[in-house]
Structures are given as C-alpha cells and as structure tokens.
Amino acid sequence: QSGRGRKARIRSLCLVNYNNLYIGTMDGWVWKMIDNGSGSDQFVFKKLATNGDVLPGVPVTCIVTDPNSSDGIYVTLGGVTEKGRVWRYLEDSWQDIGKSAPKIQHNSICIDTVTNYMYVGTDIGVWMTKDFGNNWVPYSTGLPMAPVVDLQIWPLLGPGGNFVSGQDASKRYLRASTYGRGVYELELPNE
C-alpha cells in the first residue's frame with residue numbers, strides 16, 4: 001500500500017540484481033526491495049520517498065542506478081510541479097538536480113558511463129547535462145517534436161566497463177524512442 005490506505009500503482013522499476021529492486025509509483029513514492037538476509041527468498045521494502053515529503057508527489061517515471069555509487073539512484077518525474085524533474089538519491093538523502101531543466105514531463109533518463117553526461121527524455125525532446133544537473137541544454141538535433149519515452153546508449157558496456165564483444169566502440173549512440181514518431185539515434189561524444 002502506498003499511503004492513505006490506497007494501493008500503489010507502479011510506474012517504474014529498476015532491477016539492479018536478484019536481491020535489489022527499486023520501485024516508483026504514480027503518486028510519487030520510491031521503494032527499495034531488498035533481500036531480508038534470511039536465505040529464504042523473502043524480501044523487505046524500504047521506503048525512500050513518500051508522496052510530498054521530499055519528492056513532490058508526482059509520478060516517478062524512470063529510475064536508473066548511479067554508475068558511480070552502488071547505493072545511488074536517479075529518478076525522473078512527470079506530472080505538474082514547480083520542483084525539479086530529476087532527483088538523485090544517495091546515502092539516505094535526496095537532491096534536486098533538475099532545477100534548470102524544463103518544467104515539463106520527464107519520461108526517462110540514462111547516464112553515459114564513458115563521459116558521465118546525463119540525458120533525459122522529456123515531452124519536448126532530449127536534454128543533457130555535463131555537470132550533474134547544474135545546467136541542462138537541449139540535445140535533440142534531428143529529432144521530431146514528440147515526447148521521448150525511452151533512452152538507451154549503444155553499444156552497451158559489459159562488466160568492468162568494457163564494450164560487449166563484437167561491438168564497434170568507435171562510435172556510440174543515444175537511441176531515443178518517441179511516442180508515435182519512431183526511434184532515432186544521436187551520435188554521442190567520446191570525450
């Protein structure tokens with residue numbers, strides 16, 4: 001249940017491993033499901049945010065893990081709010097890193113582990129930051145004016161930060177799935 005006796009409607013999931021799952025709900029809650037350590041495949045839920053206590057109580061549209069911290073996550077938010085739409089959770093505290101991003105629906109986020117740049121898919125295209133959220137700029141050249149609902153970086157990095165065997169790592173792409181307008185690729189910098 002997700003507050004006030006109502007059942008939560010799950011909006012986003014981020015599976016880290018068999019013992020670790022993050023859950024975002026339509027009413028702004030974020031949960032972490034962890035193995036209770038009993039060896040019986042029983043799990044416990046830890047509430048990381050509730051509707052309105054830190055996050056503004058709008059849908060949690062995407063959750064990704066922080067590539068630089070095993071306990072950190074980033075979330076994007078939808079709905080109507082004056083607060084930022086991108087938040088970082090680390091060491092039991094939340095930080096609004098989307099203050100300079102547009103105040104519109106954010107649908108997805110991905111982090112380039114080569115450059116540490118962050119990209120978010122919004123209802124008006126892709127935005128990026130090179131400085132962990134201090135400054136957000138449009139990154140939508142060649143994209144149609146349509147909501148970007150998912151982002152992925154290609155080629156994929158495997159364990160240890162190495163490119164998966166057989167992939168050409170000389171060029172990397174941000175793949176953006178749009179609502180009703182197809183999938184597009186934007187070449188990424190290798191800085």
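Which side chains meet in a salt bridge at 2.7 Å, N to O? They are those of Arg172 and Asp112. The pair connects distant parts of the chain, with Arg172 in the loop between strand 13 (148-154) and strand 14 (173-178) and Asp112 in the loop between strand 9 (106-111) and strand 10 (118-122), 60 residues apart. Before we go further, please keep in mind that this is a predicted model.

Are these two partners buried or exposed? Arg172 has a relative accessible area of 2%, and Asp112 has one of 1%. Buried means under 20% relative accessible area, so Arg172 is buried, and Asp112 is buried as well.

Let us look at the other salt bridges. The structure holds 4 of them. In general, side chains of opposite charge can pair when their charged atoms come close. One of these salt bridges is formed by Asp92 and Lys46, whose side chains meet at 3.1 Å, N to O. Asp92 sits in the loop between strand 7 (86-90) and strand 8 (93-96), while Lys46 belongs to strand 4 (residues 43-49), so this pair ties together parts that are 46 residues apart in sequence. Asp92 counts as exposed, at 58% relative accessibility, whereas Lys46 is partly exposed, with a relative accessible area of 35%.

Another salt bridge joins Arg175 and Glu185, where the closest N and O atoms are 2.8 Å apart. Here Arg175 lies in strand 14 and Glu185 in strand 15 (residues 183-187), and the two are 10 residues apart. Arg175 counts as partly exposed at 31% relative accessibility, and Glu185 counts as partly exposed at 42%.

Now turn to the beginning of the chain and follow its strands. Strand 1 (residues 10-17) pairs with strand 2 in the antiparallel sense, over 6 bridges. The hairpin that joins strand 1 to strand 2 does so through 2 residues. On its other side of the story, strand 2 is joined by 5 bridges to strand 3 (residues 30-35), and these two strands also run antiparallel. The hairpin of strand 2 and strand 3 has 4 residues between the strands, and in this hairpin Gly28 takes a positive phi near 90 degrees.

Leu21 is a handy residue for seeing how the three strands fit together. Leu15 stands opposite Leu21 in strand 2, and in strand 3 the bridge partner of Leu21 is Met33.

Why is strand 2 described as largely enclosed by the rest of the structure? The reason is that 6 of the 6 residues of strand 2 (residues 20-25) are buried. Asn20, Tyr22 and Gly24 point one way from the strand, Leu21, Ile23 and Thr25 point the other way, and all are buried.

Our last stop is Asn107, which has its place in strand 9. At 7% relative accessibility, Asn107 counts as buried. What does its side chain reach at 3.1 Å? The side chain of Asn107 reaches the backbone oxygen of Val148. A polar contact of 3.1 Å also joins the side chains of Asn107 and Gln105. Leaving aside residues up to four places away in sequence, Asn107 touches Thr61, Cys62, Thr76, Gly121, Thr122, Asp123, Pro147, Val148 and Val149. Val148 therefore appears twice in the surroundings of this buried residue, as a residue that Asn107 touches and as the one whose backbone oxygen its side chain reaches.

Terms used:
Residues are numbered from 1 along each chain as its sequence is written. This is a predicted model: local features need pLDDT of at least 70, side-chain atom pairs count only at pLDDT 80 or more; totals for chains, interfaces and linings use all residues. Side-chain values use heavy atoms; hydrogens and water are left out. Buried means under 20% relative accessible area, exposed over 50%, partly exposed in between (1.4 Å probe, protein chains only). Two strands pair if DSSP finds at least two bridges between them. A polar contact is a pair of N or O atoms within 3.5 Å; within protein, one must be able to donate a hydrogen and the other to accept it, and residues adjacent in sequence count only if both atoms are side-chain atoms. Contact means heavy atoms within 4.5 Å.
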